[in-house]
Amino acid sequence: MFELHFTCPKQGKEFRSARWSVDPDLEAVTDPEGRKNLRGLVHVPCPFCDEPHSYAPDALACPLQASNADQVPGSQH
């Protein structure tokens, strides 16, 4: 599994993690204009506040663009 880029909503700190999961019913939907979007949530345990956080897929940064995330113990790069 590859790492995604996240931001802790409580502390505002950025991190990468490969320990994320998606809703079992995550699905691609097409709007009337033909654009595809993902409906569901991505979940990840936060290394900063020790709480799980959930994000809409379109709220996540592209892993290729988010290359300056804070390095935390246990994160893989």
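The protein chain exposes about 5400 Å², of which carbon and sulfur atoms supply 51%, with areas taken from the Shrake-Rupley method with a 1.4 Å probe and, for residues, only the protein chains shown counting as cover. This is a predicted model, in which local features need pLDDT of at least 70 and side-chain atom pairs count only at pLDDT 80 or more, while totals for chains, interfaces and linings use all residues. Residues are numbered from 1 along each chain as its sequence is written, and side-chain values use heavy atoms, with hydrogens and water left out.

**Exercise 1. Describe the secondary structure, burial and contacts of the protein chain.**

Step 1. Begin with the elements, where helices (H or I, at least four residues) and strands (E, at least two) are DSSP runs numbered from the N terminus. The protein chain has zero helices and seven strands, and read from the N terminus the elements run β-β-β-β-β-β-β.

Step 2. Turn to burial, where buried means under 20% relative accessible area, exposed over 50%, and partly exposed in between (1.4 Å probe, protein chains only). Of the 77 residues in the protein chain, 30% are buried.

Step 3. Finally take the contacts (heavy atoms within 4.5 Å). Among contacts between residues at least 6 apart in sequence, 44% join residues at least 24 apart.

**Exercise 2. Work out the strand order of the open sheet and find its edges.**

Step 1. Two strands pair if DSSP finds at least two bridges between them. Three strands form an open sheet in the order 3-6-7, with antiparallel pairing.

Step 2. Strand 3 (21–22) and strand 7 each have a single partner strand and stand at the edges, so one side of each is left without a neighbour in the sheet.

Step 3. Strand 6 (residues 42–45) and strand 7 run antiparallel and are joined by four bridges; P45 has P52, in strand 7, as its bridge partner.

**Exercise 3. Identify the salt bridges around R39 and R35, and state the burial of their acidic partners.**

Step 1. A salt bridge is a side-chain nitrogen of Lys or Arg within 4 Å of a carboxyl oxygen of Asp or Glu, and the structure holds four of them.

Step 2. R39 forms a salt bridge with E27, their closest N and O atoms being 3.6 Å apart. This pair links distant parts of the chain, since R39 lies in strand 5 (residues 36–39) and E27 in strand 4 (residues 27–30), twelve residues apart. E27 has 38% relative accessibility and therefore counts as partly exposed.

Step 3. R35 forms a salt bridge with D31, at 3.0 Å between the closest N and O atoms, and another with E33, at 3.1 Å. D31 is buried, with a relative accessible area of 19%, whereas E33, at 58% relative accessibility, counts as exposed. Salt bridges that share partners join D31, E33 and R35 into one network.

**Exercise 4. Classify the aromatic pairs that involve F6.**

Step 1. Rings of Phe, Tyr and Trp (its six-membered ring) pair if their centres lie within 6.5 Å; planes under 30 degrees apart count as stacked, over 60 as edge-to-face and the rest as tilted. A search of the whole structure finds four aromatic pairs.

Step 2. F6 and F15 form a stacked pair, 5.5 Å centre to centre with 25 degrees between the planes, and both residues are buried.

Step 3. The rings of F6 and Y55 have their centres 5.3 Å apart and their planes at 45 degrees, so this pair is tilted. The F6–Y55 pair links distant parts of the chain, with F6 in strand 1 (residues 4–7) and Y55 in strand 7 (residues 52–55), 49 residues apart. Y55 is buried, as is F6.

Step 4. Ring pairs link F6, F15, F48 and Y55 into a cluster.
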